[in-house]
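Me: Please take one part of this protein model and describe it closely, with its strands, its helices and what surrounds them. A single connected account would serve me best, with the cut-offs behind each term.

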Amino acid sequence: MKRTLRCIMSLALVFAMVLTIFSTAEPVSAATKTVKLGSDTKTAVSMSLKVGNSKKVKVKQLKSGTIKKITWTSKDESIATVEATSKRAAKITAKKTGTVKVVGKVKYTNKKGKTKTKKLVVKVKVKAAGTGGTSDMDTSNLTTEHKSANGITTKDNGQMRKELTSADYMEFMGQGINLGNTLEACTTDTLSSATAYETCWGMPVTTQAMIDGMKSYGYNTVRIPVAWSNMISDDGTYTINDEYLDRVEEVINYVLNDEMYAIINIHYDSDWWGQFGDADQSVRDEAWARYESFWTQIANRYAEYSDRLIFESANEELGDRLNDNWVNQDTNNKTGTLTEDECYELTNEINQKFVDIVRASGGNNAYRYLLIAGYNTDIDMTCDSRFVMPTDTAENGTTKLSVSIHYYTPSTYCIADSSSTWGYDDTWGTSADIQALHDNLDKMKKFTDAGYGVIIGEFGVTSTTKDGIADFTREVMTYGAKCGYVPVLWDTNTYYNRTAGQMKYKDIAQVVNDVTGANGPISDSMETTGIKSFDTGSEDDLTLMYTWTGTWQRTSGNDGGFTTKTCDDGLTVQSNVAFWQLWLTTDWSQFNEPYIKVTAGSDSTSKSANLQLWYVSKADDANWVDQINIAADDNWSGSCIALDLDNLTGDTPWIGLSSETVGAQFVKIEIYDKK
């Protein structure tokens, strides 16, 4: 023992190595721990990382040339990986929550020229990426159950943490998800109740269990888009019906009950925003009157709630869409008269009016955190010098404000279908793709450097049948969090099954769990995203069972429709009220191997459209499974496409049909069985 100690002491006098930690996600602290190799019995350091972040470790030596090689290994690469970045340095990257040891096996030459080996150990604790609860300031907003001033059951305690900065909010809000196509659903029809509007775009009624399920995956923010014009007075005051205000408040409380952050806004709302750019000044005045009336009512109605309730000035309408054809609800063919410079000026005025109204309502709203819609919510257009954040009376004018942008880039991947005229991509994930994403999000540091927060209010891929969706989702979530932003997935029951209270796709669920550090349910029965294959058959081998003829047209605004000319007994075919989907069912127990042939309309739009097909439990149900997208190039029109009998005889006996192409028509549907 004494001889060994003397050798170590002697070695320490002529040779030492120091393991230091450098962060790629945050400044290096002067108190960074070090370990001296060869002089102490401890040869380990500890570090803490958030999911998606990295830190570098470097072995320094007092006498150059003594290190021959360092081999780095992680004991559990699912928690953290390690890669050498130089002869003496490595980068450790956090993957999911947990604790893991990273070992550096160092071969070096001592003063006698002999090769020795020493192990350096880095104990890595990986925390969730911005899921809240990381500071004493993120205290509970809950108290005993009681009634709000409006008579709605709530547990919210109304706390307002005046000392919180934009950066604090970003960290606490963590990762988010949208409650899309729900409270912002709107129609020109007059419906009977608030929940009738809530479900008119095919979504189920929102429940506490639905939000609980989101929380189980580590989501800490829910964005609740709202259309307030659904139930308003017709006397020019734009007074919102109490029933509608109550329903929105109930949904807000589902979120607050789970100690999550809730964002409410004025969304598309039947596109009245185009009135702002109308040539008629009286029409413009009506737009201002509606906007001011809405935010005055909203701010006063929900003023008692804690700072976990956040107001957002608009959706994507502040910008070019102030010139929309509001009469026909047409976002493409503009009728407004504003120049781009004037659209910027008006966007700034509207955002300023929003802040002024909320602050003037007083009480908790004097300190409420506010989200300012960027120009078109587009990164480049929002970073334009013509876009100016509003002045604010709270704190120093920035610490209670964030800017909202949406991220669907590249649009050829995130939005486009196979018939899109601007291009189409069905894969994502190259090093160039990832670098482009980083470069785009880095532009928003203009705002974080100025003290504002950044919320990616929407991101995602609208089709689940493209490759690389899980990689895209992970990259936005992790890099967004690394930049200090709040990424909020756009979801319309596409990725999250609201009825079941769990994610639909195994690969996306795994990404969300990995990033947030949660343990939301994942089952083997879940699908995975990606390009789905399909089989076809020859009519010579099939027997025609049922035929429907008529016209179904995918809606364009309020245009669209459904008519039936003939439909065989035993086959049920119907459309949803908005003409987004066509539904059909029959007695599938009589089939051995069913096939479907859908015939497109003879017009050029229909011929160049894609076909979407999936299985559901009932008509107008958004909880579909096994969706496939078939491009026009694959000649789906008139082809006999094999159906999944296991689905049809199970819990999903209905087939849903649609197209991502607005205006596409189906004129004939035939159901076959194998002879």
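Reply: Strand 13 runs parallel to strand 14, and four bridges join the two; two strands are said to pair if DSSP finds at least two bridges between them. Within this pair, Arg 223 of strand 13 has Ile 263 of strand 14 opposite it. Between the two strands the chain passes through helix 5 (residues 242-257), giving a right-handed β-α-β crossover. Right-handed means that, with the strands pointing away from the viewer, the path from the first strand over the helix to the second runs clockwise. Helices (H or I, at least four residues) and strands (E, at least two) are DSSP runs, numbered from the N terminus.

The model is predicted, so local features need pLDDT of at least 70 and side-chain atom pairs count only at pLDDT 80 or more, whereas totals for chains, interfaces and linings use all residues. Residues are numbered from 1 along each chain as its sequence is written, and side-chain values use heavy atoms, with hydrogens and water left out.

Strand 13 also has a parallel neighbour in strand 12, to which three bridges join it. Here Arg 223 of strand 13 faces Asn 178. In a regular strand the side chains alternate between the two faces of the sheet. In strand 13 both faces are covered: Thr 221 and Arg 223 are buried on one side, and Val 222 and Ile 224 are buried on the other. Buried means under 20% relative accessible area and exposed over 50%, with partly exposed in between (1.4 Å probe, protein chains only).

The crossover helix can be followed through one of its residues. Asn 253 lies in helix 5 and is buried, its relative accessible area being 1%. Leaving aside residues up to four places away in sequence, Asn 253 touches Ile 152, Thr 153, Thr 154, Lys 155, Gln 208 and Tyr 305; contact means heavy atoms within 4.5 Å. Ile 152 is 101 residues from Asn 253 along the chain, yet the C-alpha atoms of the two are separated by 8.7 Å.

Helix 2 (residues 166-173) packs against this region. Six of the eight residues of helix 2 are buried, and the helix is mostly covered. The buried residues are Ser 166, Asp 168, Tyr 169, Met 170, Phe 172 and Met 173. They pack against strand 13 (221-224) and strand 14 (261-265), and also against strand 15 (309-312), strand 17, strand 18 and strand 19 (486-489).

After helix 2 comes Gly 174, with a positive phi near 60°. Gly 174 sits in the loop that leads from helix 2 to strand 12 (176-178). Gly 174 is buried, at a relative accessible area of 3%. The C-alpha atoms of Gly 174 and Val 488 are separated by 9.0 Å, although their positions lie 314 residues apart along the chain.

Strand 17 and strand 18, which receive the buried residues of helix 2, also meet helix 10. The buried residues of helix 10 pack against strand 17 (401-407) and strand 18 (453-459), as well as helix 8 (379-383), helix 11 (445-448) and helix 12 (469-482). The twelve residues of helix 10 (residues 431-442) should span 16 Å at 1.5 Å a residue, and the end C-alpha atoms are 16 Å apart, which agrees; the expected span is 1.5 Å times one less than the number of residues. The buried residues of helix 10 are Leu 437, His 438, Asn 440 and Leu 441. Viewed down the helix axis, these buried residues of helix 10 fall within an arc of 165°, so they line one face of the helix. The arc is that of the directions from the helix axis to the C-beta atoms. Ser 431 and Ala 432, on the other side of helix 10, are exposed.

To draw the part together, strand 13 is bridged to strand 12 and to strand 14, and the buried residues of helix 2 pack against strand 13 and strand 14.
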